[in-house]
Amino acid sequence: MNDLPLRWTDSFPGPALAAHWVGGRLNASGALAITLQQGLRIEMSGGADYASAGVVSRVPVVGDFDARVRFSVSNPTTGTTFELAAIAVDPPRTSALDLAQVDPKDLRHVLSRVYDVHGVPPYVSSEFDEGDGWRIGWNRSTAQTRPGPTGEPIADNHFNRYGASGGRPREAGGTPAAGWLRLVRTGEVWSTFRSAEDGTWIPTGEARQMNLPSAVFLRVAAKQWPKDNKDAPRNSIVFERFELRSAVAPAAAAISAAMDLAKRLGAAVDHAHGPT
């Protein structure tokens, strides 16, 4: 798949997301902070909350593609998972990285299960689970949920399936780790890889017939959760670079139209609320 044209890259320099992305979070938990500071940075304060955040492509990627994201993580340990995934659900029209800037009346428009790691199946993902290591994950079912620790709907993992895990960093005592996640679609075949220290790619799984359409949205996200009745750990995950190679170029006109619609809808909402 290295011969596919490189369509776009992003190092998430800030201060705002590039036009390709919509960003936000699953819920209003204060356990996560998502910022653009030398990368897409997701800071996790730990504790009893289930919380997930990330970005989703604004328009779908059609047909065969090769997507990659480089990450670093400060505390490889259980209770944290992050992924590069393909889903079939449109993201919200507008980003909301900082909920302090969102009118409480508008929260329902920006909080979304598309930002939940393993959320809104069917999906397939190249992921790093800090208890299980690098692996492929998938779910062929529909968008099922279960109640989270505070009653809000979160991803139901009942129908999740995972490939064999490997490359766990816990043997190093939880020292910081870094690498690339890679997700490749070739027809009905989905393949995942991780980067080796010498720059080569190590396969982490393969799956077929994922019940996904030709046009999919790409998600880059991370989550924390309490495991075995223990609080989630503090952690910091930085997505440092994203690359997309694809057979069909994402439509620039569609991205522009989506952003224009989001701006017009935002203005309509502001007008409906009146002055504050």
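This is a short talk about the fold, the aromatic side chains and a few individual residues of one predicted protein model.

Let me begin with the overall picture. The protein chain contains two helices and 18 strands, and of its 276 residues 52% count as buried. If we take the contacts in the chain with a separation of 6 or more, residues 24 or more positions apart account for 75% of them. As for confidence, the average pLDDT over the chain is 86, and 87% of the residues score at least 70. There is a stretch, residues 267–276, where pLDDT stays under 50, and for that stretch the model has four contacts beyond four places in sequence. Where pLDDT is low, the predicted coordinates should not be read in detail.

Now to the interior. In soluble globular proteins, nonpolar side chains tend to be buried together. In this model the largest nonpolar core has 44 residues, and those with the most contacts inside it are Phe65, Phe82, Ala86, Val124, Phe239 and Phe242. The strand that gives the most to this core is β7, residues 65–73, which supplies five residues. A second core, separate from that one, has eight residues, among them Val22, Val56, Val114 and Tyr123.

Phe239 deserves a closer look. Not counting residues up to four places away in sequence, Phe239 touches a list of residues that includes Phe12, Leu40, Ile42, Val69, Phe71, Phe82 and Val220. Phe239 also belongs to an aromatic cluster, together with Phe71, Phe82, Phe128 and Trp134.

That brings me to the aromatic pairs, of which a search of the whole structure finds 11. One of them is formed by Phe12 and Trp21, with 5.9 Å from centre to centre and 35° between the planes, and this pair is tilted. Phe12 and Trp21 are both buried. Trp21 also pairs with Phe242, and here the ring centres are 4.9 Å apart and the planes stand at 80°, so this pair is edge-to-face. What does the pair of Trp21 and Phe242 link? It joins distant parts of the chain, since Trp21 is in strand β2, residues 21–25, while Phe242 is in strand β18, residues 235–246, with their positions 221 residues apart. Trp21 counts as buried because its relative accessibility is 1%, below the 20% cut-off, and Phe242 is buried with a relative accessible area of 0%.

Two rings also have a charged side chain over them. Arg135 lies over the face of Tyr162, at 3.8 Å from the ring centre, and Lys223 lies over the face of Trp225, at 5.5 Å from the ring centre.

Let me stay with strand β18 for a moment, where Ile237 and Asn235 are also placed. Ile237 counts as buried at 0% relative accessibility. Leaving aside neighbours within four places in sequence, Ile237 is in contact with several residues, including Leu40, Ile42, Met44, Val73, Thr80 and Phe82. Ile237 and Thr80 are 157 residues apart along the chain, and their C-alpha atoms are separated by 9.6 Å.

Is Asn235, at 5% relative accessibility, buried or exposed? Asn235 counts as buried, and its side chain has polar partners in the model. A polar contact of 3.2 Å joins the side chain of Asn235 to that of Ser74, and the side chain of Asn235 also reaches the backbone oxygen of Asn75 at 2.8 Å. The C-alpha atoms of Asn235 and Thr80, 155 residues apart along the chain, are separated by 8.0 Å.

Next to Thr80 in the numbering is Thr81, which is found in strand β8, residues 80–87. Thr81 is buried, with a relative accessible area of 1%, and its side chain makes a polar contact of 2.8 Å with the side chain of Asp129. Beyond its neighbours within four places in sequence, Thr81 is in contact with Val117, His118, Glu127 and Phe128, among others, and also with Lys223 and Trp225.

I will finish with a residue on the outside. His158 sits in the loop between β12 (153–155) and β13 (161–162), and His158 is exposed, with a relative accessible area of 55%. The C-alpha atoms of His158 and Gln144, 14 residues apart along the chain, are separated by 9.1 Å.

Key:
Residues are numbered from 1 along each chain as its sequence is written. Side-chain values use heavy atoms; hydrogens and water are left out. Rings of Phe, Tyr and Trp (its six-membered ring) pair if their centres lie within 6.5 Å; planes under 30 degrees apart count as stacked, over 60 as edge-to-face and the rest as tilted. Buried means under 20% relative accessible area, exposed over 50%, partly exposed in between (1.4 Å probe, protein chains only). Helices (H or I, at least four residues) and strands (E, at least two) are DSSP runs, numbered from the N terminus. A charge sits over a ring if NZ of Lys or CZ of Arg is within 6 Å of the ring centre and within 35 degrees of the ring normal. A polar contact is a pair of N or O atoms within 3.5 Å; within protein, one must be able to donate a hydrogen and the other to accept it, and residues adjacent in sequence count only if both atoms are side-chain atoms. Contact means heavy atoms within 4.5 Å. A nonpolar core is a set of buried Ala, Val, Leu, Ile, Met, Phe, Trp, Tyr and Cys residues joined through side-chain atoms within 4.5 Å. pLDDT is the predictor's confidence in each residue, from 0 to 100.
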